[in-house]
Structures are given as C-alpha cells and as structure tokens.
Amino acid sequence: MLATVLDALLDPFAQGIMQRALLAVVLLAVVGGALGCWIVLEGLSYSAESLAHGLFPGLVVASLVGAPLLVGGAAGIVVAALGVALAGRIPDVGRDNAVAVVVTALFGLGVLLALSPETPAGLQELLFGDVLATTEEDLVASAALAAAVLIVLWALHWRLLAVGFDRASAPALGVAPLVVDVVLLVLLALAVLVAVQALGNLLVVAALVAPAAAARALTRRLATMMAASVAIALAAGIGGLYLSYYARLAAGASIAALMVVAYLAARGWARLAAREPARAPA
C-alpha cells in the first residue's frame, strides 16, 4: 500500500519535463506568494491584471520573431507603462480611465497580431501558459527575476510597512510614498514576467492575488500572511501538476483553478470562524 502511494506521488516527476515544471511552480509560489501580499494590501490587483494584459502584444511579437517570451513580455510592459503614463496626463481622462483604455487597446492589438497568418501555432500557450514547456533557459531567467524581486522586497520591507500602514506619516520617517509605489509596480512587472510563462496572459493574476487573498482571510499578521500565501501557492501549484498529470488537464488552468478554490475555502473558513457561538439558555 505504501509503495503504491509513493509510486503515485513520484511517478509524475520522473521525467525532466515535469521536474522543470515543478521548479517553475516553486519559483512562482515564492515570488507570487510574497509579493502578492503587498499587492493585496496596497490594492494593486487591478494593476496586476492591467500589466498582464498590456504585455500581450509583446508576447505575440516575440512569438513571431522567435525571441524569448520573457524579452517580449518585458518590452510589452515598458510600452504599456509608457502608454498609461502618457494617457494619464491628458486632461479630464483620469488615471483609471487611462489604464483601461491603454490596456484594452494593447490587448486588442495583441489579438490582431495573433490572428495574423504569419503567427505560429500556440496562441493558447500565450493566453493560458504552458508550464510543461518550461526550458532550462526559462528557469534561469525566471530564477534571476525572482531573486531580484525577493532581494528588493527584503531591502525595502520596513519602507513598505511604513507606506502600507500609515502613508500620511511615512515622509516623517524619511520614506517617500511615491518612490515606494514606483518600486512596487516595477516588482509587480517582474513578477508578472516570472508567472506569465507558466500561467499565460489570462491566468497570471491568479498566482499574484488568490494565494495572498486567501492568506489574508486567515490571518492579519504580515509575517504569517506571507508564509501562508507562499504555502497556499506552492500547494496549489504542485496539486495542479498532479491534476494535470492524472486527469489530463491543462497544467496552467489546473494551477489557477486550485488557487481560486483555496481562496474560496479560506473565505468560507473565515466566515465560519467569525460567527459567535450560540449562547446557552439561562
């Protein structure tokens, strides 16, 4: 019996393709789990979705010219950021409207490029990701980006705390909220690049928001929240790989679905725990 269970647990990772996918999931869980807490606390979930959609034309162009997706995604994020910044300066437009218009336009442009006859097969991989197609070069690039994100998060931890919990008093502590906001958005862009290979353009937000939102429903302490977020992301990632292997489902969609299920379960548990026990009759 024990041997059968061990075989079921180890068989999926006997092949190199699944081993690389597992490493990609670990990187995604660590980066998405840690940074996702700040995304949720700072209310940047919409920004994460906007960046993910805004880089889509870059992914398609990279696919057209045969360049690495990370390079195309990075170029797409730069173009999206510049477009949002310029559109936001137009009078009577507003920042939210500027983000919506620019991101929608870029995503539509990406779809038009993807429908070109010259576009190679594999549009579904750009939209929904293919963690099983992760190469050693992808892992090296993702690991470098992940390390950069984690190092900056560690270095700016107390500044993020100052801005996140008392923005008005942060300048008195020598912390510029604008600088912290810009750095956090840059880190968000790097995290999107780490996650887009595995989950694609449409599902990347799940890895950056769902585990952290689930952890926030379970605890209010930041350190515990980060640990829980990473653990939830890791469990959903590994569970998604098992589900993909045994149920023959798409790996990226399986991972994203389990992350959403984890969030729903955490919210349900939080609601049950918040209920006051019924009073005994006098």
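**Exercise 1. How far apart are the end C-alpha atoms of helix 11, and what span should its 26 residues have at 1.5 Å a residue?**

Solution. Keep in mind as you work that this is a predicted model.
- Step 1: At 1.5 Å a residue, the expected span of helix 11 is 38 Å.
- Step 2: The end C-alpha atoms of helix 11 lie 36 Å apart, which agrees with that expectation.
- Step 3: Now look at which side chains of helix 11 are covered. Its buried residues include L222, M225, M226, S229, I232 and A233, and G237, G240 and S244 are also among them.

**Exercise 2. Find R248 and describe its backbone and its exposure.**

Solution. Walk along the chain from the end of helix 11.
- Step 1: R248 follows helix 11 and sits in the loop between helix 11 (222–247) and helix 12.
- Step 2: The phi of R248 is positive, near 60°, although the residue is not a glycine.
- Step 3: Set this against the general trend: most residues other than glycine have a negative phi.
- Step 4: R248 counts as exposed because its relative accessibility is 68%, and the cut-off for exposed is over 50%.

**Exercise 3. Repeat the span check for helix 12 (residues 251–274) and list its buried residues.**

Solution. The approach of Exercise 1 works here too.
- Step 1: Helix 12 has 24 residues, for which 34 Å is expected at 1.5 Å a residue.
- Step 2: From first C-alpha to last, helix 12 reaches 35 Å, close to the expected value.
- Step 3: The buried residues of helix 12 are A251, G252, S254, I255, A256, M259, A266 and A270.

**Exercise 4. Which residues gather in a patch of positive charge on the surface, and how exposed is R267?**

Solution. Start with the arginines.
- Step 1: The positive patch brings together R216, R220, R267, R271 and R275.
- Step 2: R267 belongs to helix 12.
- Step 3: With a relative accessibility of 34%, R267 counts as partly exposed.

**Exercise 5. Which residues make the nonpolar surface patch of about 340 Å², and where is L9 found?**

Solution. Turn to the start of the chain.
- Step 1: V5, L6, L9 and L10 make this nonpolar patch.
- Step 2: L9 lies in helix 1 (residues 2–10).
- Step 3: L9 has a relative accessible area of 40%, so it is partly exposed.

**Exercise 6. How many helices and strands does the protein have, and what share of its residues counts as buried?**

Solution. Finally, step back to the whole chain.
- Step 1: There are 12 helices and zero strands.
- Step 2: Read along the sequence, the pattern is therefore α-α-α-α-α-α-α-α-α-α-α-α.
- Step 3: The protein has 282 residues, and 41% of them count as buried.

Technical notes:
Residues numbered from 1 in each chain as written. Predicted model: local features only at pLDDT ≥ 70, side-chain atom pairs only at ≥ 80, totals over all residues. Heavy atoms only, no water. Helix = DSSP H or I, 4+ residues; strand = E, 2+ residues; numbered from the N terminus. Expected span 1.5 Å × (residues − 1). Buried < 20%, exposed > 50% of the residue type's maximum accessible area, 1.4 Å probe, protein only. Patch = residues over 30% accessible without salt bridge, like charges linked within 9 Å, V, L, I, M, F, W, Y side chains within 5 Å. Areas by Shrake-Rupley, 256 points an atom, 1.4 Å probe, with all protein chains shown as cover. Salt bridge = Lys/Arg side-chain N within 4 Å of Asp/Glu carboxyl O. Lys, Arg positive; Asp, Glu negative; His and termini not counted. Charge placed at Lys NZ, Arg CZ, Asp CG, Glu CD.
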